[in-house]
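User: I am new to this structure and would like to know how its labels are earned. Please take me through the reasoning, step by step.

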Amino acid sequence: MTQNVRLQNLRDFTVQIRNDADQIVGTGIAVSMDGKVVTCAHVVEAALGAHPREVNGAEVGIYFPQVRGGEEKKRRAKVDCCFREHDDDMVLLQLIEGSSPLAPEQIAVLGMADQSEGNPFRTYGYSSIGNYPAARGDGIILGTVEPPLDRKLQADPVQLKSRDIASGMSGAAVLDVTRNLVVGLVAERFYPENAVQDDIGYGVDSKVLTFDPFDFVLRGEALELKPAPELRLDKDLFQQAIEIVNYVRAHRKPADKYSWNSAPTVLPEWTGRDDLLAQITADWNDPQKHVTGLIGFGGEGKSSLARKWVDDLCRGEAMLGAGRYLFVLDGLEVLQHQEGDQYGLLQSNDLRDLLTYFARPDNQSFCLITSRAPLLDLMEYTTYTHRDVDRLSEADGISLLEKLGVKGSKEQMGKVVSDWDGHALTISLLGSYLAEKYGGDIAHLADIPIPTADEPRYERVHRVLRRYDEHLTEAEREFLKLFSAFRTPVHESAFDKVFVPLLFPTTETTKGTEKKKGFFARFFNPSTDSPITNYQSPITAIVSRLVTYRILHCDTTSQTYTAHPLVRNHYLAILTHDTGAPDTHLKIKDYYLSIAGDTPQYPTLDDLKPLIEVVHHACQAGTYDEAWKIYWERIAQQTRSVVVHQLGAYETELTLMKEFFINGDIAQEPQGSNLQGNRGFIINEIGLCLMSLGRLREAVPFHVRTAKAVVEAQDWKNASTTYQNLADLYTQLGTLEQSAEAVRQALDLARKAEHKDKELLSLSYQGQVLSLQGRLKEAEETFEKAQTLEKEDDPTVQYLTRVAGVRYSRHLEKAGNLEYCRIITKANFDYCNKNHWFFIVSMCHRVLGDLDFDSSNPESARDHYESALKIARSISLRAVLIETLLARGRFLARVAVGAGSPRPNDARLGSGDPTPTINDAFTDLNEALNYAVEGGYRIYEADIRVELAWAYLANGEKEKAKQSAQRALQMSQEMGYHWGKVDAEEVMEKISNEM
């Protein structure tokens, strides 16, 4: 199977068209790097109140949601051209600011629709659904049809078969999935009076852009799909993992064949969904499908559907093929962005890498995912299948009610299903409610008003639950409030340790004084003469009833209980405003503390899970000082910083830090009466976590806050360090003037603290900024001052060491002083290796690789790059990984077969090494580019685009080379980045000579 499985990414080039009130009136697509946008003429008319041919240079708003390099997303555009004599619904807009803020790879590639008849299509446009501003759609391109008699068209309209086209999607791209070309724009949807033909839409053929005055040249042949990313794992470790897996498979017991991990059990009243079950099975059996997403609103039955399908699959023994694994990721929305321009995208880069690995064509496993949000990270993959999970059909809804014990006519039950929009959870709750309270008599639903058309979907669930509350006992309601405080499945052991003490009074006395009764005890009046163990029976009865009501679900295998997220959220909202909430969280905190056990010196994240829950519940109870004590002494293990330094779990560390803010609002101040010296640590730790995770722009305000706090405390030493962090951030973001100012303050503060080490580090930052700005003589003098200070501070060293030494090496390498660069780098390598500072060792390997390659020693260069990358992939410092991938990508491009490298033949790899191809270079450079763009590393992005330009040129793709080089030059000019301008101009001159 071909490795190329990625279509054009619709989100990349899709833009919003806005009116003067900044309201979205439609959709458009970016079609050129010089700032041209195509949309429908009637969209512009909606924005301006007049047809484009009559507006005389009026402007519309253009919003670029997928701008990734830090540029302004809001732009203005004017009508560039439209048809004066014809009614074809197409118009070309030109940005007032000139060039597009998008990168070259984000521009739409257009073709005509004449070869697309019968092909599937995808689209993405700004038709809002609830809180979600955009919607995706798919369907079939049926082909061209005759135009209406009252329209004078140059190209026949294209009929589309789809139910997904809605208001706001006018101007959205029609992407032919077979040809991977945008062959038109969505123009309108036909709404019949009856539902016989409710799937008819129309589009404008991109062909009209070839006519005067547009005069576009469109692509005729299909656009080749892009390859899936390479597996980004250390090959030796991956091979070891495979060997372990094979060993486990060969020696496992039959009972260990499946790992359910608290998955929901199959509902005894399961009904219907036959079509969806068959579709998932078809995906499983299709060798070209590797990931299926079950997407729908909460409560539609996605988790139950996934479990039912897996259970059927296991019973049929269909999954026991050689080496094939099935992974189910349930409720993935908690790891996706839920709002803004990043809606639907995964929050974790590592998780995105895992899912794209599943989507690779050579992966033989299958992944089934459930989520409320569409999996937009996988939208461009042909190996991914999106399956909507929506309302139950009337027949399935009636069957569900009957299985729950509801009694009534088919017509009555069908009306219930219709009234509640076939929402599985709501119908299940209503059916259980009738069965338990009224013997199933459907007539008793009359006292629950049916939802109104504009009532939010989730409000309907809460309304049903509020009615449920009226028929629950006080004990059951209080139990559910307590239960909702747990974030993980509740084990039966918690009932005795948490629920009983809170729900029932105690008769134990201390020195004749009765212990304080739990807050919830006011709702119960058991005999105070009985021992507390006798009160477990009421708990068991409560749990049993709530399981019967379908509010709780029991996993008998793990002896745990869960509630549907919508049910849990309902009761958690009630608990949050209850005066008994602190008591609840304190008791749960004590429970997790009791099961945490001793913390190993080198714990895993699994070892730390109970303690992480302790911190959460302690903070929820308001006992922030106790939470900090647990975090600092048992999780972080004080200055060992176990979570970040040992486990590299920056996401976990960030989550822990957020616990110390009310409602997780990190814009406020951390809480705790005894955290005076630790508030700065918490804020700074958030900044460092965000930096390490590649979220540079988000990190800036936290370092600014830290700087202000330490300066106010007159802690000059730490203030200098904080301004160094800011300087590093600003440099990577490409704001060199801000970096220079932060360095100046860092240097002043270091001297105020009379701290030589902080002073030399500040000087190294200053030298780096000067070098990037092209002030080479000043940079050299500054680095020499830093080196002199280090030798004074530590007479055992001769050259600048640590990261400061790497900065000096980079400057010397760029300035052409390669011999001295090698001397400094080798000395720094030995120094850092001895001190086990492996991330700096990785940096030194990278520099030595460059120097060896420049000395025509590619075998040694490759060894250095491989060593650098092995370390870079084992740590969570994104900048180190980007720089290493950039260097190795540059190297691979130079030695690739047919790359047209300017290097002599003796610079190629030895005969015993596999000579890389140009695709190997593209793999590294594109991976580096993705990280740089997502994180906002603009200096690196400019460097990567220069190297991509050389690679494209070597591969005979001159137009792509030109676009990449122009983008690098534009960015470098904006940043004042000297080396970026020099390198981009060099490759552009080469391109110009060959075109």
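**Reading the labels**

Analyst: Take Glu947 to begin with. Its relative accessibility is 8%. The cut-off for buried is under 20%, so Glu947 counts as buried. Keep in mind that this is a predicted model.

User: What makes Arg890 and Glu947 a salt bridge?

Analyst: The distance does. Their closest N and O atoms are 3.3 Å apart. A salt bridge needs a side-chain nitrogen of Lys or Arg within 4 Å of a carboxyl oxygen of Asp or Glu. Arg890 and Glu947 therefore qualify.

User: Why is Arg890 called partly exposed?

Analyst: Its relative accessible area is 24%. Buried means under 20% and exposed means over 50%. The value for Arg890 falls in between, so the label is partly exposed.

User: How do you know that Arg890 and Glu947 link distant parts of the chain?

Analyst: Look at their helices. Arg890 sits in helix α30 (residues 878-895). Glu947 sits in helix α32 (residues 938-954). The two are 57 residues apart.

User: Which residues belong to the network that includes Arg890 and Glu947?

Analyst: Salt bridges with shared partners join Arg810, Glu813, Arg846, Asp850, Glu883, Arg890, Arg894 and Glu947. A search of the whole structure finds 57 salt bridges.

User: What makes Glu669 and Arg705 a pair that ties parts together?

Analyst: Glu669 forms a salt bridge with Arg705, with the closest N and O atoms 3.4 Å apart. Glu669 is in the loop between α19 (650-658) and α20 (679-692), while Arg705 is in helix α21 (residues 696-712), so the pair ties together parts 36 residues apart in sequence. Glu669 has 44% relative accessibility, so it counts as partly exposed.

User: Is Glu759 buried or exposed?

Analyst: Buried. Its relative accessibility is 16%, and the limit is under 20%. Glu759 forms a salt bridge with Arg751, the closest N and O atoms being 3.0 Å apart. Arg751 is partly exposed, at 43%.

User: Why does Asp469 have no salt bridge?

Analyst: The nearest side chain of opposite charge is Arg477, 5.8 Å away. The cut-off is within 4 Å, so the pair does not count. Asp469 is buried all the same. It is found in helix α10 (residues 457-471).

User: What does Asp469 touch?

Analyst: Arg477, His570, Tyr571 and Ile574, leaving out residues up to four places away in sequence. Contact means heavy atoms within 4.5 Å, so Asp469 and Arg477 can be in contact without a salt bridge.

User: Which residues touch the most other members of the largest nonpolar core?

Analyst: Phe479, Phe486 and Phe499, in a core of 162 residues. The largest share of this core, 11 residues, comes from α30. Phe486 is in contact with Ala494, Val498 and Phe499, among others. A second, separate core has 55 residues, including Cys40, Val44, Leu92 and Tyr124.

User: How do you know that the span of helix α29 agrees with expectation?

Analyst: Helix α29 (residues 858-874) has 17 residues, and at 1.5 Å a residue it should span 24 Å. Its end C-alpha atoms are 24 Å apart, so the values agree.

User: Where do the buried residues of α29 pack?

Analyst: Against α28 (838-854) and α30. Among these buried residues are Ala861, His864, Tyr865, Ala868 and Leu869.

User: What is notable about phi of Asn663 and of Gln559?

Analyst: Each is a residue other than glycine with a positive phi. Phi of Asn663 is near 55 degrees, and phi of Gln559 is near 55 degrees too. Asn663 lies in the loop between α19 and α20. Its relative accessible area is 80%, so Asn663 is exposed. Gln559 is found in the loop between β22 (552-555) and β23 (560-563). At 38%, Gln559 is partly exposed.

User: What joins Asp212 and Pro213?

Analyst: A cis peptide bond, with omega about 15 degrees. Pro213 is in the loop between β13 (200-205) and β14 (226-227).

User: How many helices and strands are there in the protein?

Analyst: There are 34 helices and 23 strands. Of the 995 residues, 53% are buried.

Note on methods: Residues numbered from 1 in each chain as written. Predicted model: local features only at pLDDT ≥ 70, side-chain atom pairs only at ≥ 80, totals over all residues. Heavy atoms only, no water. Helix = DSSP H or I, 4+ residues; strand = E, 2+ residues; numbered from the N terminus. Buried < 20%, exposed > 50% of the residue type's maximum accessible area, 1.4 Å probe, protein only. Lys, Arg positive; Asp, Glu negative; His and termini not counted. Core = buried A, V, L, I, M, F, W, Y, C linked by side-chain atoms within 4.5 Å. Expected span 1.5 Å × (residues − 1).
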